[in-house]
Amino acid sequence: MTNPLLDDWDTPFALPPFDKITDADFAPAFKVAFARARAAINAIANAPQPATFVNTIEALERAETLMDKVAGVFFNLVGADSTPTLEALQRKLSPEFAAFNSETMMNQRLFQRVDQLFSRRAQLDLTTEQARVLTLYHRMFLRAGAALTPADRKRLAKVTERLAVLGTAFSQNLLADERNWVLALAPDDLDGLPDFLLDAARAAADARDLNGHVITLSRSLIVPFLQFSPRRDLREKAFRAWVSRGATGGDTDNGEIVREILVLREERAHLLGYEDFATFKLAPKMAKTPAAAKDLLMAVWKPARAQAERDAEVLEKMMRQDGINAPLSAWDWRYYAEKRRLSEHALNEAELKPYFQLDQMIAAAFDCANRLFGVSFRPLDVPLYHKDARAWEVTKNGHHQAVFIGDYLARPSKRSGAWCSRFRPQSRLNGATGAITVNVCNFARAPEGQPNLLTFDDARTLFHEFGHALHSMLSDVTYPMISGTAVARDFVELPSQLFEHWLTVPEVLQKYALHADTGQPIPGALLKRLLAAQNFDQGFATVEYTASALVDLAFHSAPAPKDPMARQRQILSDLGLPAAIPMRHATPHFAHVFSGDGYSSGYYSYMWSEVMDADAFAAFEEAGDPFAPTLAARLERTIFAAGGRQEADQAYLAFRGRLPGVEALLKGRGLSAGEDG
Ligand SMILES: [Zn+2]
């Protein structure tokens with residue numbers, strides 16, 4: 001019997017043959033993929049010929065072709081459409097991957113070849129891109145510990161392996177807590193909830209074979225529930241469940257996992273000669289040091305907190321008018337903020353929502369990409385992994401560019417959040433067919449037969465993830481190492497956050513924000529109010545985010561805490577976090593930081609990128625045209641198509657001619673630095 005994961009894919013655009021792949025195919029396919037990758041890497045390391053760029057670096061770029069194919073399908077499915085079989089395999093695989101990676105990075109013969117090449121790089125007659133890829137390989141080996149003593153290398157491998165196991169356990173605990181909790185609403189608990197939320201709560205019940213309406217811990221249900229439910233008791237109940245994810249004290253509690261992760265990360269940094277984990281992590285980033293990242297966060301923190309404190313007073317007054325004498329609590333903030341939005345901006349989500357149909361917002365994102373970068377989208381009729389997922393062929397100047405898969409609706413088999421990933425990166429090395437990129441979101445599902453409606457926030461998320469997708473799909477490089485989104489973590493949110501700006505361009509909304517029932521475009525007055533309200537509650541949004549980013553940074557730039565939760569309380573109290581504002585992600589469910597290495601001591605990156613995106617979009621405003629063609633062409637060349645061809649600050653300089661300051665961001669969020677009382 002053949003294994004479809006191991007075959008050549010003669011499908012359109014070499015898409016994975018999703019209709020043939022079963023869960024049972026993965027374990028044997030990984031076995032073959034690991035064996036083939038090991039054989040290829042050993043052949044490179046032990047080759048009798050002297051090292052050349054082609055027989056070493058290019059060969060390394062090809063060594064894991066089969067592994068990338070198998071893992072590309074597997075990890076996308078584990079996130080977007082998981083099953084108990086896949087989850088069990090994921091637990092088994094994470095230490096195997098860690099062991100394989102450290103074995104490769106610790107391969108001394110291999111490292112010596114890379115090291116020799118690197119020391120002779122000036123004489124190798126390399127292209128700019130090749131020189132960059134060689135430098136990145138060399139840096140990767142050093143940062144993995146290839147130059148350490150044998151004893152230290154061995155210990156580092158153990159630490160890395162254990163960290164991978166802990167990261168997986170962290171995510172799985174979180175998924176279990178999210179899956180297991182529902183708040184069933186009795187008929188009289190539904191008062192005050194807008195139709196879109198009722199529909200979503202009914203659909204969530206249906207998906208779990210329950211009757212009536214339920215609220216789950218999915219952001220697209222819980223946030224509107226906290227916004228609209230006048231029932232303070234239910235809001236408190238829902239909120240407490242939401243912030244208790246990963247901290248319920250039972251089998252799925254993440255407390256001990258977090259403590260051990262922090263200890264091991266610190267040990268890893270020490271082994272590699274860095275004083276702490278954040279210093280190690282930030283060295284190759286655009287920020288370069290934890291101090292630079294912290295300075296930026298604090299420059300934003302102070303005016304944001306001042307604004308949030310002024311807002312808290314207003315909201316507490318509104319609560320008093322409702323006859324509630326308790327202090328303003330975290331489960332009150334969104335509810336009274338929504339009321340305030342209604343009174344100050346005469347704007348509420350329920351009035352807006354019919355204008356934000358999922359399909360129209362997809363069309364809007366495609367249209368903006370077309371006007372900026374000349375790409376077109378054609379629906380594809382191909383088998384995918386789930387009936388919710390849809391695929392489009394992306395073309396540019398009549399040529400194939402990429403395949404885009406959009407998988408937008410929430411379901412129990414999907415982990416929470418929204419993300420962009422890929423089944424295959426763009427690269428010219430193997431004459432490949434272009435990227436296969438996927439956006440996964442968790443938008444609430446409308447009842448059968450009705451159009452799916454988004455909140456404005458959801459629409460923003462759609463544009464955000466699509467910005468990542470464009471970064472992946474417009475990539476125009478030779479080597480997978482630097483393809484698309486393979487850039488510094490504090491630079492990778494620039495394309496996504498920048499793309500969000502086009503959602504707020506009035507002509508885009510006039511064209512695509514069409515009422516679901518009447519097809520009429522959003523009225524001019526409502527559109528004006530919507531855009532005017534964009535700065536609304538930015539004190540809250542900035543504080544909840546910045547608190548999480550500062551805790552992440554503090555955890556990793558000081559000795560590992562014995563009791564992380566106590567340390568978190570201390571950090572927040574030193575910062576003076578307003579009582580009614582929780583962290584956007586508290587430690588026990590802070591998946592960015594603890595489910596893997598990705599955003600650890602890197603959650604600041606969103607803000608770092610926002611400094612750039614505010615400044616970059618200002619270039620279009622200065623040009624007087626949100627689609628200014630020469631500017632868009634330069635943006636594509638220097639950022640969207642360039643992948644990791646150069647250091648992030650150089651890429652930004654090439655686009656804008658200078659580096660950005662914090663002013664455009666504060667202006668964009670309506671927070672003026674001068675108002676810090
Ligand atoms: Zn992002």
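**Figure 1. The second largest pocket of the predicted model has a volume of about 450 Å³.** The structure shown here and in the other figures is a predicted model. The lining of this pocket is made up of 25 residues. Nearest the centre of the pocket lie Phe239, Val243, Ile581, Pro582 and Met583. Three elements each give two or more residues to the lining: helix 10 (232-243), helix 14 (330-345) and helix 22 (564-575). Helix 22 gives the most, with four residues. Sorted by class, the lining of the second largest pocket holds 16 nonpolar residues, three polar ones and six charged ones.

**Figure 2. The largest cavity encloses about 320 Å³ of space.** The lining of the largest cavity comprises 22 residues, and those closest to the centre are Arg208, Thr216, Ser218, Ala410 and Arg411. Two or more lining residues come from each of helix 7 (150-180), helix 8 (195-207) and helix 9 (219-228). Helix 8 contributes the most to this lining, with four residues. By class, the residues around the largest cavity are ten nonpolar, five polar and seven charged. The structure contains four cavities of 30 Å³ or more.

**Figure 3. The second largest cavity has a volume of about 40 Å³.** Its lining consists of Leu262, Arg265, Glu266, Asp276, Phe277, Phe555, His556, Ala558 and Ala560. Helix 11 (255-271) and helix 21 (538-556) are the elements that give two or more residues to this lining. The most come from helix 11, which gives three residues. Five residues in the lining of the second largest cavity are nonpolar, one is polar and three are charged.

**Figure 4. Serine 171 lies in helix 7.** With a relative accessibility of 26%, serine 171 counts as partly exposed, because this value falls between the limits of 20% for buried and 50% for exposed residues. The C-alpha atom of serine 171 is separated by 9.0 Å from that of glycine 246, although the two residues are 75 residues apart along the chain. Helix 7, the element that holds serine 171, is also among the elements that give two or more residues to the lining of the largest cavity.

**Figure 5. Asparagine 397 sits in the loop between strand 4 (390-396) and strand 5 (399-409).** The phi angle of asparagine 397 is positive, at about 50°, although the residue is not a glycine. Asparagine 397 counts as exposed, because its relative accessibility of 65% is over the 50% limit.

**Figure 6. Aspartate 537 is found in the loop between helix 20 (524-532) and helix 21.** Aspartate 537 also has a positive phi, near 60°, and is a residue other than glycine. Its relative accessible area is 16%, which is under the 20% limit, so aspartate 537 counts as buried. Asparagine 397, in contrast, counts as exposed. Helix 21, which borders the loop of aspartate 537, gives two or more residues to the lining of the second largest cavity.

**Figure 7. The domain assignment of the protein chain gives domain 1 and domain 2.** Domain 1 covers residues 12-105 and 107-144, and domain 2 covers residues 181-243. The C-alpha centres of domain 1 and domain 2 are 44 Å apart.

**Figure 8. The protein chain, shown for orientation, has 27 helices and seven strands.** The radius of gyration is 25 Å, close to the 26 Å given by the globule rule for 677 residues, so the chain is as compact as a globular protein of that length. Along the principal axes, the C-alpha atoms fill a box of roughly 80 × 60 × 55 Å. Of the 677 residues, 57% count as buried. Among contacts in the protein chain with a separation of 6 or more, 74% are between residues 24 or more positions apart.

Terms used: Residues are numbered from 1 along each chain as its sequence is written. This is a predicted model: local features need pLDDT of at least 70, side-chain atom pairs count only at pLDDT 80 or more; totals for chains, interfaces and linings use all residues. Side-chain values use heavy atoms; hydrogens and water are left out. On a 1 Å grid over the protein atoms alone, a cavity is a set of points where a 1.4 Å probe fits but cannot get out, and a pocket is an open set with protein on both sides within 12 Å along at least five of seven lines; lining residues have an atom within 4 Å of a point. Grid points are joined across faces, edges and corners, and a volume is the space filled by probe spheres set on the points. Ala, Val, Leu, Ile, Met, Phe, Trp, Tyr, Cys and Pro count as nonpolar, Asp, Glu, Lys and Arg as charged, and the others, Gly among them, as polar. Domain bounds come from an automatic or database domain assignment. The radius of gyration is taken over C-alpha atoms; the globule rule is 2.2 Å times the number of residues to the power 0.38. Buried means under 20% relative accessible area, exposed over 50%, partly exposed in between (1.4 Å probe, protein chains only). Contact means heavy atoms within 4.5 Å.
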